[in-house]
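Here is a short report on one chain, written for a reader who works with coordinates. It takes charges first, then pairs, patches and overall form.

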Amino acid sequence: MKKSTLGFLIGLISFVVAATAALTAFFIVKDKKKKDDEELMEYLDCSIE
């Protein structure tokens, strides 16, 4: 029983860490894309003038 509980806790902690890493990576990529789009729009606005 003790080994089963320990394995479950390790699995749960691993899942939480993996999910946190995935969400962090997603938001970093999303933020970078947003910044790139803003820079592109600013460049296009300046080049039109």
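## Charge layout

The chain carries 7 positive and 8 negative charges, and the mean positions of the two sets are 23 Å apart. The model is predicted, not experimental. Everything below should be read with that in mind.

Where is a negative surface patch formed? Glu38, Glu39, Glu42 and Asp45 make it. Glu38 lies in helix 1. Glu38 is partly exposed, because its relative accessibility is 48%. Asp45 is also placed in helix 1. With 43% relative accessibility, Asp45 counts as partly exposed. Patch members must have over 30% relative accessible area and no salt bridge. Glu38 passes the area cut-off at 48%, and Asp45 passes it at 43%.

Asp45 can be placed against a second acid, Asp31. The two are 14 residues apart along the chain, and their C-alpha atoms are separated by 21 Å. Asp45 belongs to the negative patch, whereas Asp31 is in a salt bridge with Lys35.

## Salt bridges

Side chains of opposite charge can pair when their charged atoms come close. How many salt bridges does the count come to? The count is three. The table lists them with their N to O distances.

| Lys | Asp | N to O distance |
|---|---|---|
| Lys35 | Asp31 | 3.7 Å |
| Lys32 | Asp36 | 3.3 Å |
| Lys33 | Asp37 | 3.6 Å |

The cut-off for a salt bridge is 4 Å between nitrogen and oxygen. Lys32 and Asp36 fall within it, at 3.3 Å. Lys33 and Asp37 do so at 3.6 Å. Lys35 and Asp31 do so at 3.7 Å.

Now the spacing along the helix. Lys35 and Asp31 are four residues apart in helix 1, so about one helical turn separates them. Lys32 and Asp36 both lie in helix 1, again four residues apart, or about one turn. Lys33 and Asp37 are four residues apart in helix 1, so they too are separated by about one helical turn.

Next, accessibility of the partners. Lys32 is exposed, because its relative accessibility is 51%, with exposed meaning over 50%. Its partner Asp36 is partly exposed at 37%. Lys33 is exposed, with a relative accessible area of 53%. Asp37, its partner, is partly exposed at 38%. In the remaining pair, Lys35 has a relative accessible area of 47% and is partly exposed. Asp31 is partly exposed as well, at 37%.

Lys35 also serves as a marker of distance along the chain. Lys35 is found in helix 1. Lys35 and Ile10 are 25 residues apart in sequence, and 38 Å lie between their C-alpha atoms.

## Nonpolar side chains

A second patch is nonpolar. Which residues make the nonpolar surface patch? They are Phe8, Leu9, Leu12, Ile13, Phe15, Val16 and Val17. The patch area is about 710 Å². Phe8 sits in helix 1, which covers residues 2-48. Is Phe8 buried or exposed? Phe8 is exposed, because its relative accessible area is 56% and the cut-off for exposed is over 50%.

Aromatic pairing comes next. A search of the whole structure finds one aromatic pair. The rings belong to Phe26 and Phe27, with centres 5.3 Å apart and planes at 65°, so the pair is edge-to-face. Planes over 60 degrees apart count as edge-to-face. Phe26 is partly exposed, with a relative accessible area of 47%.

## The chain as a whole

How many helices and strands are there in the chain? There are one helix and zero strands. Along the principal axes, the C-alpha atoms fill a box of roughly 75 × 5 × 5 Å.

What share of the 49 residues counts as buried? The share is 0%. Buried means under 20% relative accessible area. The chain exposes about 4,800 Å². Carbon and sulfur atoms supply 72% of that area.

In brief, the chain has one helix, three salt bridges, one aromatic pair, a nonpolar patch that includes Phe8 and a negative patch that includes Glu38.

Methods: Residues are numbered from 1 along each chain as its sequence is written. This is a predicted model: local features need pLDDT of at least 70, side-chain atom pairs count only at pLDDT 80 or more; totals for chains, interfaces and linings use all residues. Side-chain values use heavy atoms; hydrogens and water are left out. Patches are made of residues with over 30% relative accessible area and no salt bridge: like charges are joined within 9 Å, nonpolar side chains (Val, Leu, Ile, Met, Phe, Trp, Tyr) within 5 Å. Accessible areas come from the Shrake-Rupley method with a 1.4 Å probe; for residues, only the protein chains shown count as cover. Helices (H or I, at least four residues) and strands (E, at least two) are DSSP runs, numbered from the N terminus. Buried means under 20% relative accessible area, exposed over 50%, partly exposed in between (1.4 Å probe, protein chains only). Rings of Phe, Tyr and Trp (its six-membered ring) pair if their centres lie within 6.5 Å; planes under 30 degrees apart count as stacked, over 60 as edge-to-face and the rest as tilted. Lys and Arg count as positive and Asp and Glu as negative; His and the chain ends are not counted. The place of a charge is taken as NZ of Lys, CZ of Arg, CG of Asp or CD of Glu.
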